[in-house]
Amino acid sequence: MTDLSLQSMPGIAAMFAEREPDRYDMHSRHLNEQMVRVLRTIGYDVRFSRGTGQYLFDAAGSRYLDLLSGFGVFGVGRNHPALRDALKNVLDSELPNLVQLDVSTLAGILAERLLAYVPYLDKVFFASSGAEAVESAIKFSRTATGRPGLVFCDHAYHGLTNGALSLNGDAVFRDGFEPLLPDCIRIPFNDLAALERALSSRKVAAFIVEPIQGKGVNMPADGYLQAAAELCRRHGTLFVADEIQTGMGRTGRFLAVEHWNVEPDMVLLSKALSGGHVPVSAVLMRRPIFEKMFDRMDRAVVHGSTFAKNDLAMAAGIATLDVLERERLIENAARMGEWLLRELTALIPHYEMMRDVRGKGLMIGIEFGAPDSFALKASWSVLETANKGLFCQLITIPLFKEHKILCQVAGHGSHTIKLLPAFVINDKDCDWIARAFDEVIAGSHRVPGAIWSLGKTLIGHATRSRNRAKALVSQDTSANT
Ligand SMILES: Cc1ncc(COP(=O)(O)O)c(C=O)c1O
């Protein structure tokens, strides 16, 4: 018989070291090949090998400043020692995890700690991902109000499961998956008249909104969220703040709605909640909403999922709150964010394609737009005709290659680059960011130049990729006929 004892198993770190050079081939063979093609095309296949705090290290040992933080999960930084200790402690303590016919002590503690930040809410429902929190909010609000309707905004992003996708404001995510949930009404963000029209039917259970939209880093107009909450109250609709990206200190306050003095009926948290280590999400809400769902003993498990409230997730959540408080990271996010907004905004008058810098705390969008000068205009329009939003890649790729900064474009076809770093970044990191953006944006304003040569290469890739997809579709349709 094969010896499967612990001693004979290679440690995970040793296994990682041995197999990491094969990662792209393994993914091409067994997972998402398109992702590998993207990485190879844009030269991001650098084999990241280590992460600590706000930094990543590639196989050659180069240090990168991570302004993506795993789509916002590493609020306290990667591999924070307090998070690691908490998780090791759970494993070493042989806790009675997931008994299911008992209640979890650690979940009680985390719920208590979270509600202390949001004292007008009374109850917490835990789940395992952002989308699952959104699915739960849909069910809680429908059952609490007895209404079917859900209102969401253009460009909203609430996750990609079927219910959450029904509230997605971008065709690129929805196409091919419809029909989705019925009774979902899309309105423009920042449009109170449209919201009032939608709510006036009195058939709407919830208005679900990101206080600052992640796709595009779109800011609410002053007074918008407060007036929207008031309209919801007047029409018997629940006001649900999706703070999955903006919450846990990201914007320099525990919740982004605090900037506008809004008290939602429900708040959704995930991402930074577990310090990035264990999938987790939480729905915080008013007591009557919770009690409508769990209203009788025979309905005590009418909604839930197996791994929610698991000890590792709960411990990671508690440790994250400890770190946020002890290291005053929410205050740091506010301070660093203000500095970055000021320095990046100061670049606008120097660069005609730089249009706007906006955000709160460490959620920052840098928007570009079509130039006026003749030489740049021609190059911009060739690029944008090939693929809308391609210009931003001319900024992010050199930032990565030449300045070792990892950041993302804020959505498909978007002209906005989003910064979403860990809350632990410091003055030196901010200098690094400001200097790198200044240099790369300056390069993008020189035609001809290295950046526009990169543009030509990207156009070639975009055209080939489109032709390949067309060929696949026509192969597929001929196979069906
Ligand atoms: C505002 C918001 N809601 C929901 C989600 C979905 O979270 P998850 O990817 O964990 O399902 C995201 C993810 O980016 C998000 O930003």
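Q: Why is the pairing of R253 with E258 called a salt bridge in this predicted model?
A: The closest N and O atoms of R253 and E258 are 3.5 Å apart. A salt bridge requires a side-chain nitrogen of Lys or Arg within 4 Å of a carboxyl oxygen of Asp or Glu, so the pair qualifies.

Q: Why is R253 called partly exposed?
A: R253 has a relative accessible area of 36%. Buried means under 20% and exposed means over 50%, so R253 falls in between. E258, at 23%, is therefore also partly exposed.

Q: What makes R358 count as buried?
A: The relative accessibility of R358 is 13%. Buried means under 20%, so R358 belongs to that class.

Q: Which salt bridges does R358 form with D356 and E367, and how do you know that they qualify?
A: The N to O distance is 2.8 Å for D356 and R358, and 2.7 Å for E367 and R358. The limit is 4 Å, so both pairs are salt bridges.

Q: Why is D242 said to make a polar contact with the ligand?
A: An N or O atom in the side chain of D242 is 2.7 Å from a nitrogen atom of the ligand. A polar contact is a pair of N or O atoms within 3.5 Å, so this pair meets the definition.

Q: How do you know that Q245 also makes a polar contact with the ligand?
A: An N or O atom in the side chain of Q245 lies 2.9 Å from an oxygen atom of the ligand. The cut-off is 3.5 Å, so this pair is a polar contact.

Note on methods: Residues are numbered from 1 along each chain as its sequence is written. This is a predicted model: local features need pLDDT of at least 70, side-chain atom pairs count only at pLDDT 80 or more; totals for chains, interfaces and linings use all residues. Side-chain values use heavy atoms; hydrogens and water are left out. A polar contact is a pair of N or O atoms within 3.5 Å; within protein, one must be able to donate a hydrogen and the other to accept it, and residues adjacent in sequence count only if both atoms are side-chain atoms. Buried means under 20% relative accessible area, exposed over 50%, partly exposed in between (1.4 Å probe, protein chains only).
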